[in-house]
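Student: Please take one part of this predicted model and look at it closely. I would like the strand pairing first, then the pocket.

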Amino acid sequence: MNQSQYVLSGLRPTGRVHLGNYFGAVRNWIQLQDSGKYHCYYFIADWHALTSDYADPSKIHDATFEAAADWIAAGMDPQKSTIFLQSQVKEHAELHLLLSMTTPLPWLERVPTFKDQQAQLEDKDLNTYGFLGYPQLQTADIIVYRAHYVPVGEDQAAHLELSREIVRRFNNFYGPVFPEPQPLFTPTPKVPGLDGRKMSKSYGNTIPLSASADEIRALVMTMFTDPNRIRRKDPGNPDICNLFQFHKLFSDEATVARIDHECRTAQIGCVDDKKLMAEIMIEALRPIREKREEINRDPSIVWDALRVGSQRARERAGETMEVVRKAMQIDFPELRS
Ligand code: TRP
């Protein structure tokens, strides 16, 4: 097997991983890991969390643990993947600083997420140097490992585009140090939240990946269904039923077809369907939940993985930085002891 290519991706620590994160990113990362084709690096972007949460960083520590614990519970294997914490690898910061010398300001100002997020999170002052540099730090995260592929959602397309521009400019000034990172957009199923909008922490409509059986039952009960189906005897329309989307994610084909039919003919009611869905989901998520319970009994599983992973990440990042310092002529062999 020729493992010469590097895959890297990360997520900000937003706490418990939910089904949207899982189907949208984490499951895909685990498949890349299990393919055995790449060196996989996955990290928690705690510095990126600070770009928007600098005024109240109190949640970042615990959210980091939650995220790493859920990744491992979901099948990320610290033996196969390098799982690490961004702030443990200072090379990201050094490279971010060096890149900041070459990146023209307008490149950062025109990244759509810069203005969008400022407008969306208007309760926070995001008119900061760090927030402007968000995609540049992201670039450093990627290229410090000389990564070839970055599995991300379409929402990160503009960031990756900028990363390639930053790389081209760097290589142009200082020589061919970095490969141009390519995004890996894998088709992922749409995961609606309980209310039918995109599943997202900020909408409060999530189902945690490691939810307990009772938690799943309670959450599924609050799911929106076909809004036109008012009485039990009304025929329903699965095409506009949010609950039905979850059958597509979790149920086998025969069940999907049966529910489709029984809903349209009013043979099954929404409450019964919710009860069925909850049990199917509880069963499907059982291995993840059990692994997560094991981790809760022994949190060192997570801390050890992050410690070892961060060490391994530092080695690769350190090699890159030696090349970068030489290329930029900020290298003083005379001072080596
Ligand atoms: N911006 C990513 C997010 O949506 C997180 C991130 C930070 C990232 N650095 C990265 C993703 C490098 C991929 C590669 O949370």
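Tutor: Strand β1 (residues 5-11) pairs with β2 in the parallel sense, over seven bridges. Within this pairing, Val-7 stands opposite Cys-40 in β2. The chain gets from β1 to β2 through helix α1 (residues 19-35). This β-α-β crossover is right-handed.

Now take β2 itself. The strand spans residues 38-44 and is mostly covered. Of its seven residues, six are buried, each with under 20% relative accessible area. In a regular strand, side chains alternate between the two faces of the sheet.

β2 also pairs with strand β3 (residues 81-85). Five bridges join these two strands, and they run parallel. Here Phe-43 has Phe-84 in β3 as its bridge partner. So β2 has bridges to β1 and to β3, by the DSSP criterion of at least two bridges for a pair.

Next, the second largest pocket. Its volume is about 200 Å³. The lining includes Asp-46, Leu-85, Ser-87 and Gln-88. Leu-85 falls within the β3 range, residues 81-85, and also lines this pocket. Two elements give two or more residues each to the lining: α3 (60-74) and α15 (300-327). Ile-60, His-61 and Thr-64 are among the lining residues, as are Trp-303, Leu-306, Arg-307 and Ser-310. The largest share, four residues, comes from α15. By class, the lining of the second largest pocket holds four nonpolar, five polar and two charged residues.

Note on methods: Residues numbered from 1 in each chain as written. Predicted model: local features only at pLDDT ≥ 70, side-chain atom pairs only at ≥ 80, totals over all residues. Heavy atoms only, no water. 1 Å grid on protein atoms, 1.4 Å probe; cavity = no way out; pocket = protein on both sides within 12 Å on 5 of 7 lines; lining within 4 Å. Points joined across faces, edges and corners; volume = space filled by probe spheres on them. Nonpolar A, V, L, I, M, F, W, Y, C, P; charged D, E, K, R; others polar. Buried < 20%, exposed > 50% of the residue type's maximum accessible area, 1.4 Å probe, protein only. Right-handed = clockwise from strand over helix to strand, strands pointing away.
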